[in-house]
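User: I would like to learn how to read a few features of a protein model, beginning with how exposed a side chain is and then moving on to charge pairs, sheets and cores. Could you take me through them one at a time?

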Amino acid sequence: MTSPQTGVTPRPLPLVGVKVLDISQVMAGPYTCMLLADMGADVIKIEPPGSGDQTRGAMGFKMKGPDSMGFLNMNRNKRSITINLKSDAGKKILFELVKDADILVENYRPGVMKKLGVSYEVLSEINPRLVYASISGFGQSGPWADRPGFDLMAQAMSGVMAMTGHGDGRPVKAGVPVADIGCALFATYGILSAYIGAKNTGQGQYIDASLFDSALAFSIWDTAEYWGTGKPPVALGTANRMSAPYQAVKAKNEYFVMGATNNKLWQKLCEILGRDDLFNDARCKTISDRLANREYIIDELEKSFAAKAADVWIDELLAKGIPAGPILDYPRAFASEHGQHRKMKIEIDHPLEGKVPNIGFAVKMQGTPQQVRRHPPLLGEHTHEVLQEAGFSADQIKAFEQDGAFSVEQ
């Protein structure tokens, strides 16, 4: 269909025609599948009857309908069906859906899918080109594999928590779920790589993605210091272990962030502040010197920054090419002129909630811009639709129902 505005026939989204079975709950798995859905994949969310994805009932406040804001923010562009995978009838439905599926994502504890009789070994016999991704806290093998794993545990046990905060002994986790979201991103990278490989060879593969591995994979600078010096690095608050000054600093009214990360920027900073004494100070000559004397430098800089408000300093620093910015909370970030320009808050029409806010698309595809094609699904909203597409007749669906395929307990 040609656009009346541009006269150009829009290209289909990159993953149109790709079928994904989403047998996951909470965050890492559902977020992975939403990324695939945003790119055009037909994502069928397979949920336990009755409760569905645990996140539907999460969070400490209620919406108009039964689903939480967290669920609504991670499950757009999907269809939902309810199947009791503990029942033989439920497994028969899954086996049929797997026949023409490209990707399956699950995040049960290691061993659960095998116990249910729907492991990769079983399903790959039905569909050899299936890309099967298992997401877990600590991976499918190793001494910690059987442990329940959530973002908090992954941050603590990967070293991320030890690198967060001010090194005063009180544990602090990263404010956002870096292990969960990181795992979703790495899983998506693995899934799409395997899918391309399967297109070329006809052979899918098994993907083992874990929150622990993903959190560790973010530790580029920290492990570089550890392996380079042999000493475990310590938490630095907002500071950086590769350059200084590069952190939050206090102005007259509030903190802001800035970075003079090389000798040229350091010279410019000293000129703006009128601090020739700092520029000529032997403790501040090189990057190594400034790293070794970070606390002294920040103390001296804040004496100068105390003369003006943060927004004034930000403007002056930016005018001279020195990176700087305010520290915004979420309301100010989304409401900022830039946040609005980047469309990082979007609204989705929902049958129960009306307009539902969602985080916008983090990557902008110019040729095939992502679209909201479907609202976050109601529990089991598309069960009959999907089963009919799979070739099941009304009588077969009724028989499945009688055999416990859609029952809460089996």
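Analyst: The model shown is a predicted one, and a good starting point is the accessibility cut-off: a residue counts as buried under 20% relative accessible area, as exposed over 50%, and as partly exposed in between. Lys303, with a relative accessibility of 53%, therefore counts as exposed.

User: How do Asp299 and Glu300 fall on that scale, buried, partly exposed or exposed?

Analyst: Asp299 has a relative accessibility of 41% and so counts as partly exposed, whereas Glu300, at 12%, counts as buried.

User: Which salt bridges does Lys303 make with these two residues?

Analyst: For a salt bridge one looks for a side-chain nitrogen of Lys or Arg within 4 Å of a carboxyl oxygen of Asp or Glu. Here the side chain of Lys303 meets that of Asp299 at 3.8 Å, N to O, and that of Glu300 at 3.0 Å, again N to O.

User: Why are Lys303 and Asp299, and likewise Lys303 and Glu300, separated by about one helical turn?

Analyst: Lys303 and Asp299 are separated by about one helical turn because they are four residues apart in helix H13, and the separation of Lys303 and Glu300 is likewise about one turn because they are three residues apart in that helix. The pairs also belong to a network of salt bridges that links Arg275, Asp277, Asp299, Glu300 and Lys303.

User: How many salt bridges does a search of the whole structure find, and are the partners Asp53 and Lys45 buried or exposed?

Analyst: The search finds 22 salt bridges. One of them joins the side chains of Asp53 and Lys45 at 3.0 Å, N to O, and in this case both Asp53 and Lys45 are buried.

User: Where does helix H13 lie with respect to the strands, and how should I read the sheet there?

Analyst: Helix H13, residues 294-305, lies across S7 and S8 and runs at about 40° to S7. To read a sheet, one follows the order of its strands and the sense of their pairing; here three strands form an open sheet in the order S7-S8-S9, with antiparallel pairing. The edge strands, each of which pairs on one side only, are S7 (246-250) and S9 (324-326). Neighbouring strands of the sheet are turned against each other by 25° on average, with direction ignored. Between S7 and S8 (residues 255-259) the antiparallel pairing extends over five bridges, and within it Ala248 stands opposite Val257 in S8.

User: What does the domain assignment give for the chain?

Analyst: It gives domain 1, made of 19-219 + 352-403, and domain 2, which covers 255-326. The C-alpha centres of domain 1 and domain 2 lie 45 Å apart.

User: Which residues touch the most other members of the largest nonpolar core?

Analyst: In a core one asks which members have the most neighbours and which elements supply them. The largest nonpolar core has 28 residues, of which Leu21, Ile46, Ile81, Ile93, Leu94, Leu97 and Leu104 touch the most other members. Elements that give two or more residues to this core include strand S1 (19-23), strand S2 (42-47) and helix H3 (88-98), and the largest share, five residues, comes from H3. If neighbours within four places in sequence are left aside, Ile93 is in contact with Ile83, Leu387, Phe392, Phe400, Ala405 and Phe406. Another core, of 27 residues, lies apart from this one and has Leu15, Cys33, Val43 and Cys183 among its members.

Methods
Residues are numbered from 1 along each chain as its sequence is written. This is a predicted model: local features need pLDDT of at least 70, side-chain atom pairs count only at pLDDT 80 or more; totals for chains, interfaces and linings use all residues. Side-chain values use heavy atoms; hydrogens and water are left out. Two strands pair if DSSP finds at least two bridges between them. Axes are lines fitted to C-alpha atoms, for helices over the stretch in contact, and angles run from 0 to 180 degrees between N-to-C directions. Contact means heavy atoms within 4.5 Å. Domain bounds come from an automatic or database domain assignment. A nonpolar core is a set of buried Ala, Val, Leu, Ile, Met, Phe, Trp, Tyr and Cys residues joined through side-chain atoms within 4.5 Å. Buried means under 20% relative accessible area, exposed over 50%, partly exposed in between (1.4 Å probe, protein chains only).
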